[in-house]
Amino acid sequence: NSALACPALVTALSSRIDIAVSIDNGIMHMMSLANIPMIVLFGPTNSDKFAPKNKFIKILDSKKIHKTKDINSITVEEVFDLV
């Protein structure tokens, strides 16, 4: 129970999970501050520029894997292979 409703709460709560899967968005960046293992999916955005820079991040970039900006080209199996 908390009266907090802010980005810091997302980071604090994220520290309680074992692994996260996310797309490139603000929540992902807040979660990355908790230094938890994450698999981050990238489509149209640049993973080299926008991916968090820590040792716990694994990147799946549709442009690099499938030569398309369509994030939907990343398969469930590709994600599970990194878990």
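This report walks through a predicted model of a single protein, from its overall layout down to a few individual residues.

## Overall layout and confidence

The protein has five helices and three strands. Reading from the N terminus, the elements come in the order α-β-α-β-α-β-α-α. Taken along the principal axes, the C-alpha atoms fill a box of roughly 45 × 20 × 20 Å. Of the 83 residues, 33% count as buried. As for contacts between residues at least 6 apart in sequence, 16% of them join residues at least 24 apart.

On confidence, the average pLDDT is 92, and 96% of the residues score at least 70. Helix 1 (residues 7–14) has the lowest mean pLDDT of the elements, at 86, while helix 4 has the highest, at 98. A general caution applies here: where pLDDT is low, the predicted coordinates should not be read in detail.

## The sheet

The three strands form an open sheet in the order 1-2-3, with parallel pairing. Strand 1 (20–23) and strand 3 (57–61) sit at the edges with a single partner strand each, so one side of each has no neighbour in the sheet. From one strand to the next, the twist averages 20 degrees.

Looking at the pairings one by one, strand 1 and strand 2 run parallel over four bridges, with I23 partnered by L41 in strand 2. Strand 2 and strand 3 also pair in the parallel sense, over five bridges. Here I39 has K58 in strand 3 as its bridge partner.

## Strand 2, inside and out

How many residues of strand 2 are buried? Five of the five are, so the strand is largely enclosed by the rest of the structure. Its side chains split between two directions: M38, V40 and F42 point one way, and I39 and L41 point the other way, all of them buried.

## Two nonpolar cores

The largest nonpolar core has 10 residues: A20, M28, M31, A34, I36, M38, V40, F42, A51 and I57. Helix 2 (26–32) and strand 2 (38–42) each put in at least two of these. Strand 2 has the largest share, with three residues. There is also a second, separate core of five residues, with L41, L60, I74 and V79 among them.

Put that next to the strand 2 picture: M38, V40 and F42, which point one way from the strand, belong to the largest core. L41, which points the other way, belongs to the second core.

A51 is a member of the largest core. Leaving out residues up to four places away in sequence, A51 touches F42, N46 and I59.

## S14 and S73

Two serines are worth a look. S14 is in helix 1, and with a relative accessibility of 5% it counts as buried. Beyond residues up to four places away in sequence, S14 touches M31, A34 and I36. Those three partners are listed in the largest nonpolar core.

S73 is in the loop between helix 4 (62–65) and helix 5 (76–80). Its relative accessibility is 19%, which counts as buried, since the cut-off is under 20%. Setting aside neighbours within four places in sequence, S73 is in contact with S62, H66, T68 and E78.

## Salt bridges

The count of salt bridges comes to two. In one of them, the side chains of K64 and D48 meet at 2.7 Å, N to O. K64 is in helix 4 and D48 in helix 3 (residues 47–50), so the pair ties together parts 16 residues apart in sequence. K64 counts as partly exposed, at 46% relative accessibility, whereas D48 is exposed, with a relative accessible area of 55%.

Which side chains meet in a salt bridge at 3.0 Å, N to O? Those of D61 and K63 do. D61 counts as buried, at 3% relative accessibility, while K63 is partly exposed, with a relative accessible area of 23%.

Technical notes
Residues are numbered from 1 along each chain as its sequence is written. This is a predicted model: local features need pLDDT of at least 70, side-chain atom pairs count only at pLDDT 80 or more; totals for chains, interfaces and linings use all residues. Side-chain values use heavy atoms; hydrogens and water are left out. Buried means under 20% relative accessible area, exposed over 50%, partly exposed in between (1.4 Å probe, protein chains only). Contact means heavy atoms within 4.5 Å. A nonpolar core is a set of buried Ala, Val, Leu, Ile, Met, Phe, Trp, Tyr and Cys residues joined through side-chain atoms within 4.5 Å. Two strands pair if DSSP finds at least two bridges between them. Axes are lines fitted to C-alpha atoms, for helices over the stretch in contact, and angles run from 0 to 180 degrees between N-to-C directions. A salt bridge is a side-chain nitrogen of Lys or Arg within 4 Å of a carboxyl oxygen of Asp or Glu. pLDDT is the predictor's confidence in each residue, from 0 to 100.
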